[in-house]
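Colleague: I'm new to reading protein models, and I'd like some help. Could you walk me through this one, feature by feature?

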Amino acid sequence: MSSSGKRDFLEGVRDLLPMVPGVLPFGLIAGANGTNLGFSPEMTIGMTLLFFAGSAQLAAYQLIQEQALPAVIIFTALMVNIRFLIYSATFAPLLHSLKTRHKWPLVYLISDQAYGLCATRFTPEQSDREKLYYFAGTAVALAVSWVGSVILGLLVGEQIPAEWSLEFAIPLAFIAMLVSSIRNRASLITAVFSALVATSLIQLPYNLGFIAAIIGGTTIGLIASSFITKISLKAQRENNG
């Protein structure tokens, strides 16, 4: 690794470090819950490496506990991770010239934190090597902290006092992510409608109400976005005479 590559890599690591405390509760819960569900340590670590997505893994845990159908678990995990399609589409114009052997590891290692840091930093004028090493620094730092916190959860999960209520960190984290993603009327309508559907159908078996909320919220969101865009364009044309 060249000196400039090492500098960019370490800069990515440094920028991600402040986010590690937010990863720790997720990892502890993922490790501890794996033990509580009867998974072996190897199985929990394998699941962590396979998912490499804390929100999807914890959602899967919840559904496994509720004895949901396998199809529901898989569909939920895919829907929870569907945002990575948007992340990849955003990065495509910026990273398309990277070599394939560099793209595949980055595809696996992409995360909310790495995306947030890189999306606000990358520009078309930056070199591929600069983007590659910075992205790798953020991704590797996140991967080490995530897998390390899961292992820590496996080791000390049973010793964590129940009154700490670490599981409460999960809905809090999801709420924080939801609030930060509401940036316009369409996303607000989507969030409110999804919440109404999820709460009104909470009694459905196998968490099917959650699936209905995803499908219904996405549909209403697309309709609302299209309607609001048409209204805005019409108002713009009228103002232009």
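**Salt bridges and helices: a walk-through**

Modeller: Let's start with a charged pair: the side chains of Arg 14 and Asp 15 meet in a salt bridge, at 3.1 Å from N to O. Keep in mind that this is a predicted model.

Colleague: What's the general idea behind a salt bridge?

Modeller: Side chains of opposite charge can pair when their charged atoms come close. Here, Arg 14 also meets Glu 11 in a salt bridge, at 3.8 Å from N to O. Put together, Glu 11, Arg 14 and Asp 15 are linked in a network of salt bridges.

Colleague: Why are Glu 11 and Arg 14 separated by about one helical turn?

Modeller: An α-helix has 3.6 residues a turn, so residues three or four places apart point the same way. Glu 11 and Arg 14 are three residues apart in helix α1, so about one helical turn separates them.

Colleague: Are Arg 14 and Asp 15 buried, exposed or partly exposed?

Modeller: Arg 14 counts as exposed, because its relative accessibility is 51% and the cut-off for exposed is over 50%. Asp 15 has 22%, so it counts as partly exposed.

Colleague: How many salt bridges does a search of the whole structure find?

Modeller: Three. One that we haven't met yet joins the side chains of Asp 8 and Arg 7, at 3.5 Å from N to O. Asp 8 counts as buried, because its relative accessibility is 5% and buried means under 20%.

Colleague: Let's look at the helix itself. How far does α1 reach from its first C-alpha to its last?

Modeller: Helix α1 covers residues 3-16, which is 14 residues, and it reaches 20 Å. That is close to the 20 Å expected at 1.5 Å a residue.

Colleague: And how do I tell which side of α1 faces inward? Which of its residues are buried?

Modeller: Gly 5, Asp 8, Gly 12 and Leu 16 are the buried ones in α1. If you look down the axis of α1, its buried residues fall within an arc of 70°, so they line one face of the helix. The face turned away from that buried side carries the exposed residues Ser 3 and Arg 14.

Colleague: What covers the buried residues of α1?

Modeller: The cover includes α2 (20-36), α8 (112-119) and α9. A good residue to look at in helix α9 is Thr 138. Thr 138 is buried, with a relative accessible area of 0%. Leaving out residues up to four places away in sequence, Thr 138 touches Gly 12, Val 13, Leu 16, Ala 114, Leu 117 and Cys 118.

Colleague: I'd have guessed that a lysine sits on the outside. Is Lys 131 buried or exposed?

Modeller: Lys 131, which is found in helix α9, is buried, with a relative accessible area of 2%. Not counting residues up to four places away in sequence, Lys 131 touches Leu 94, Leu 95, Phe 122, Thr 123 and Gln 126. Compare sequence and space, too: Lys 131 and Asp 8 are 123 residues apart in sequence, yet 8.1 Å apart from C-alpha to C-alpha.

Colleague: Now the surface. Which residues form the nonpolar patch?

Modeller: Leu 24, Ile 151, Leu 152, Leu 155 and Val 156 form it, with about 390 Å² of accessible area together. Helix α9 (residues 128-156) gives the most to the patch, with four residues. One of the patch residues, Ile 151, is partly exposed, with a relative accessible area of 37%.

Colleague: What about loops? Where is Phe 52?

Modeller: Phe 52 is in the loop between α3 (41-51) and α4 (54-65). The phi of Phe 52 is near 45°, a positive value in a residue other than glycine. Phe 52 is also buried, with a relative accessible area of 8%.

Colleague: Let's zoom out. How many helices and strands does the chain have?

Modeller: Twelve helices and zero strands. Of the 241 residues of the chain, 37% count as buried. For contacts with a separation of 6 or more, 74% are between residues 24 or more positions apart. The accessible surface comes to about 14200 Å², and 68% of that belongs to carbon and sulfur atoms.

Key. Residues numbered from 1 in each chain as written. Predicted model: local features only at pLDDT ≥ 70, side-chain atom pairs only at ≥ 80, totals over all residues. Heavy atoms only, no water. Patch = residues over 30% accessible without salt bridge, like charges linked within 9 Å, V, L, I, M, F, W, Y side chains within 5 Å. Areas by Shrake-Rupley, 256 points an atom, 1.4 Å probe, with all protein chains shown as cover. Salt bridge = Lys/Arg side-chain N within 4 Å of Asp/Glu carboxyl O. Helix = DSSP H or I, 4+ residues; strand = E, 2+ residues; numbered from the N terminus. Buried < 20%, exposed > 50% of the residue type's maximum accessible area, 1.4 Å probe, protein only. Contact = heavy atoms within 4.5 Å. Expected span 1.5 Å × (residues − 1). Arc of directions from axis to C-beta.
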